[in-house]
Amino acid sequence: MPSCYDERPRPNPGAKEAVFNHKRAVETKGCAPAESSMSEIIQLSAEVPSELGGQRLDQVAAQLFAEYSRSRLSSWIKDGRLTVDGQVVRPRDIVHGGSVLALEAEQEAQGEWIAQDIELDIVYEDEQILVINKPAGLVVHPAAGHADGTLLNALLHHVPDIVNVPRAGIVHRLDKDTTGLMVVAKTLQAQTKLVEQLQSRTVSRIYECIVIGVVTSGGKIDAPIGRHGGARQRMAVTEGGKPAVSHYRVLERFRSHTHVRVKLETGRTHQIRVHMAHVGFPLVGDQTYGGRFRIPPAADQDMVQALKHFPRQALHARFLALKHPTTGQVMKWESPLPDDFVELLTLLQDDRGSFIG
């Protein structure tokens with residue numbers, strides 16, 4: 001069972017000096033019960049402290065209402081939902097110490113997805129975040145061919161209010177057949193903070209995989225990733241792609257395979273699968289990037305069949321560490337390797353032992 005190394009978050013002793021009033025209400029609009037349709041009424045006010053006077057409204061608002069992103073606050077300012085002393089002003093207008101910012105907005109439900117009672121392996125949960133251990137076969141977000149039965153649908157059932165958070169709190173993804181740890185934001189404030197951490201690369205995500213070939217040593221892969229020019233469903237290392245950096249090290253070598261640990265510095269789509277294939281060590285079971293199946297020399301039939309029919313890419317999100325979005329406490333989780341991964345490692349170890357012996 002995955003475990004968290006830290007206790008539940010404790011209140012943050014630090015407090016904002018600005019005069020701050022906060023009221024929330026959750027309303028349900030009429031529509032079919034099966035559909036997620038809740039919206040959140042946000043009513044906030046804060047007095048501008050003297051040290052923030054003379055700055056732009058959007059800059060001041062971002063500091064006083066730090067639980068919301070600057071782009072979201074700017075949108076509310078333009079819509080007249082965030083006012084200064086009762087007046088509608090522009091994001092670039094200057095505000096003065098002692099002015100009162102008032103926010104009255106409605107955080108609309110982010111989609112009309114169906115809440116479904118799908119079992120979740122919950123590693124950790126509090127009022128702000130949820131950490132799950134995702135099984136193989138579970139799609140994270142509805143898309144073409146997967147309208148429901150996804151993690152998002154399960155989250156809407158487990159945390160109905162999460163419909164008010166963009167993408168139901170999903171701030172990063174795992175491929176359908178990748179297993180392991182994911183963090184989900186249960187509130188808009190948590191979502192903002194987690195996205196900031198992901199963008200600043202302070203969230204630690206460490207994976208383990210089994211690759212084809214014998215990796216001699218660890219290393220760093222710094223190669224941009226973008227859409228494949230000839231197959232839009234695939235990603236590839238390409239000159240015009242987004243920066244992508246992976247760090248890997250060897251955990252165990254076998255006759256024709258290697259157990260590898262990979263730490264992501266960035267989080268591009270299919271990053272580990274693309275990077276490892278790029279350096280000549282594709283993942284076992286990867287039908288998209290693995291290339292033609294290669295039979296290990298002198299392997300027995302059981303080994304050949306196990307490798308040939310491994311049902312997914314052998315990739316597991318093993319470790320996750322981040323700062324709690326409310327308390328700032330560093331939290332760490334570890335998820336044990338899934339059964340199919342362990343069974344394959346055992347076969348590879350037995351195969352190696354039979355030749356050494």
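Here is a short conversation about a predicted model, its confidence, its pockets, its cavity and one helix pair.

Student: What pLDDT does the chain average?
Tutor: Let's start with how far to trust the coordinates. Of the residues, 86% score at least 70, and the chain averages a pLDDT of 85.

Student: Over which residues is the pLDDT below 50?
Tutor: Where pLDDT is low, the predicted coordinates should not be read in detail. The stretch in question still has 106 contacts in the model beyond near neighbours in sequence. The pLDDT is below 50 over residues 1-39.

Student: Which residues lie nearest the centre of the largest pocket?
Tutor: The largest pocket has a volume of about 870 Å³, and 29 residues line it. Helix 4 (188-199), strand 11 (204-212), strand 13 (225-227) and helix 5 (271-278) are the elements that each give two or more residues to this lining. Nearest the centre lie R173, R205, G267, R268 and T269.

Student: How many residues of each class are in the lining of the largest pocket?
Tutor: Good thing to check next. Sorted by class, the lining of the largest pocket has eleven nonpolar, nine polar and nine charged residues.

Student: How does the lining of the second largest pocket divide by class, and how many residues are in each?
Tutor: About 690 Å³ of space lies in this second largest pocket. Its lining has 27 residues, with V139, D175, K176, H270 and R273 nearest the centre. By class, the lining divides into nine nonpolar, nine polar and nine charged.

Student: Which residues line the largest cavity?
Tutor: The structure holds one cavity of 30 Å³ or more, and about 40 Å³ of space lies in the largest cavity. Its lining has four nonpolar, two polar and two charged residues. By name, they are F254, R255, S256, H257, P296, M303, L348 and D351.

Student: At what angle do the axes of helix 6 and helix 7 cross?
Tutor: Two packed helices are described by the angle between their axes and the distance between the axes. Here helix 6 covers residues 301-308 and helix 7 covers residues 339-356, and their axes come within 11 Å. The crossing is left-handed. The angle is roughly 145°.

Student: Which residues of helix 7 does helix 6 meet?
Tutor: On the helix 6 side, the contact involves M303, A306 and L307. The residues of this contact divide into six nonpolar, no polar and one charged. In helix 7, the partners are L344, L347, L348 and D351.

Notes: Residues are numbered from 1 along each chain as its sequence is written. This is a predicted model: local features need pLDDT of at least 70, side-chain atom pairs count only at pLDDT 80 or more; totals for chains, interfaces and linings use all residues. Side-chain values use heavy atoms; hydrogens and water are left out. Axes are lines fitted to C-alpha atoms, for helices over the stretch in contact, and angles run from 0 to 180 degrees between N-to-C directions. Helices (H or I, at least four residues) and strands (E, at least two) are DSSP runs, numbered from the N terminus. A crossing is left-handed if the near helix is turned anticlockwise from the far one by less than a right angle, and right-handed if clockwise. Contact means heavy atoms within 4.5 Å. Ala, Val, Leu, Ile, Met, Phe, Trp, Tyr, Cys and Pro count as nonpolar, Asp, Glu, Lys and Arg as charged, and the others, Gly among them, as polar. On a 1 Å grid over the protein atoms alone, a cavity is a set of points where a 1.4 Å probe fits but cannot get out, and a pocket is an open set with protein on both sides within 12 Å along at least five of seven lines; lining residues have an atom within 4 Å of a point. Grid points are joined across faces, edges and corners, and a volume is the space filled by probe spheres set on the points. pLDDT is the predictor's confidence in each residue, from 0 to 100.
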